[in-house]
Structure formats: C-alpha cells, structure tokens
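Colleague: Could you take me through one part of this structure, the surroundings of the ligand, and then show me how the rest of the chain is laid out around that topic? A plain walk-through would suit me well.

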Amino acid sequence: MRIAVAGKGGAGKTTISGTLARVLAAEGRDVLALDADPNPNMALTLGVAVADYDGGEGLSHDVLEHREIDGKNVAVLAQPLDELLSEHAQDAPQGIRLLRLGRPRSAGGG
Ligand SMILES: Nc1ncnc2c1ncn2[C@@H]1O[C@H](COP(=O)(O)OP(=O)(O)O)[C@@H](O)[C@H]1O
Ligand SMILES: [Mg+2]
C-alpha cells in the first residue's frame, strides 16, 4: 500500500503522515515513511529524538539513473531499494524507517 499526502502549507500533512505511519506500524505493517517536504520535520512527528535526528541534506540526485525503456525516458533507482535504505534511511520508533528525499537545489530547481 502506498499513501501520498499533499496539500498547502500548515494543512496538517506532516501530522497526518506521521500519525498514519505510527498507526500502520502499530498494526504490524512494515512502514517506510518518505519525507519530501523541503522543510523536513516528519522525524519529530515519528518520535525521533532531536538529538538523534540526522539532519543531512537528504538523497542526492545520484540515486536515480535515467534509462530509455520502450522508447520512454524513465528514472529508475541506481541500486536495489534495500541497499539504498540501509545507506540512507533513518530508524524511527516502532520499526518505522524514514527516508528524506532532499531539498530543491534552488528556487525552481524541481
Ligand atoms: N487536526 C488538527 N487540529 C488542530 N491542529 C492541527 C491539526 N493537524 C495539525 N495541526 C497543527 O497545525 C500545524 C501545522 O501542521 P503540520 O502537520 O505541520 O502541517 P503541514 O505539514 O501541512 O505544513 C501544527 O502546529 C500542527 O500541530
Ligand atoms: Mg509538513
């Protein structure tokens, strides 16, 4: 199951995302939480202590490779997901893993 939460700033996206992640983990599901917010604070909502917060820059663009598949340009992971998670994901309470996707390099940088 994949759940995406989007909306305007201050609408409650991080609160809802973190709460959903914790409820699903409490039900025994394997939860990977992705924080794509340029102001990444889902770690705190998941219960990561401030002292344990890995406040790096998130993933670099190098995690993706661009390939042509069936005549279309597609971006695929450059390494297996498990490997990527072991290198980049942070452990949060309840067995949740958190991956921060990184910030735009500049305004309009995508
Ligand atoms: N259902 C709610 N009722 C009242 N306050 C809320 C609710 N959901 C979130 N908040 C508060 O609103 C603020 C913004 O929530 P947040 O989840 O950070 O929004 P977003 O991630 O969309 O910017 C926070 O202070 C949060 O505690
Ligand atoms: Mg937020």
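Modeller: Happy to help; here is the ligand site, followed by the chain and its strands. This is a predicted model, in which local features need pLDDT of at least 70 and side-chain atom pairs count only at pLDDT 80 or more, while totals for chains, interfaces and linings use all residues. Residues are numbered from 1 along each chain as its sequence is written, chains are lettered from A and ligands numbered from 1 in the order in which they are written, and side-chain values use heavy atoms, with hydrogens and water left out.

Let's start with the shell around ligand 1: Lys8, Gly9, Gly10, Ala11, Gly12, Lys13, Thr14 and Thr15 surround it (each has a heavy atom within 4 Å of the ligand). By class, that shell holds 1 nonpolar, 5 polar and 2 charged residues; here Ala, Val, Leu, Ile, Met, Phe, Trp, Tyr, Cys and Pro count as nonpolar, Asp, Glu, Lys and Arg as charged, and the others, Gly among them, as polar.

Some of these residues can be followed down to atom pairs. Ala11 places a backbone N or O atom 3.2 Å from an oxygen atom of ligand 1. From Lys13, a polar side-chain atom lies 2.8 Å from an oxygen atom of the ligand, and for Thr15 a side-chain N or O atom is 2.6 Å from a ligand oxygen atom. Taken alone, ligand 1 exposes 560 Å², and the protein buries 42% of that (areas come from the Shrake-Rupley method with a 1.4 Å probe; for residues, only the protein chains shown count as cover).

Now for the chain itself. Its secondary structure comes to 3 helices and 5 strands, in the order α-β-α-β-β-α-β-β along the sequence; helices (H or I, at least four residues) and strands (E, at least two) are DSSP runs numbered from the N terminus. Of its 110 residues, 24% count as buried, meaning under 20% relative accessible area (1.4 Å probe, protein chains only).

Strand 5 is a good place to finish. Strand 1 (residues 32–35) runs parallel to strand 5 (residues 97–100), joined by 4 bridges, with Leu32 opposite Arg97; two strands pair if DSSP finds at least two bridges between them. Strand 4 (residues 90–91) pairs with strand 5 in the antiparallel sense over 2 bridges, and there Gln90 stands opposite Leu98. The hairpin of strand 4 and strand 5 has 5 residues between the strands, and in it Gln94 takes a positive phi near 65°.

Technical notes: A polar contact is a pair of N or O atoms within 3.5 Å; within protein, one must be able to donate a hydrogen and the other to accept it, and residues adjacent in sequence count only if both atoms are side-chain atoms. Buried means under 20% relative accessible area, exposed over 50%, partly exposed in between (1.4 Å probe, protein chains only).
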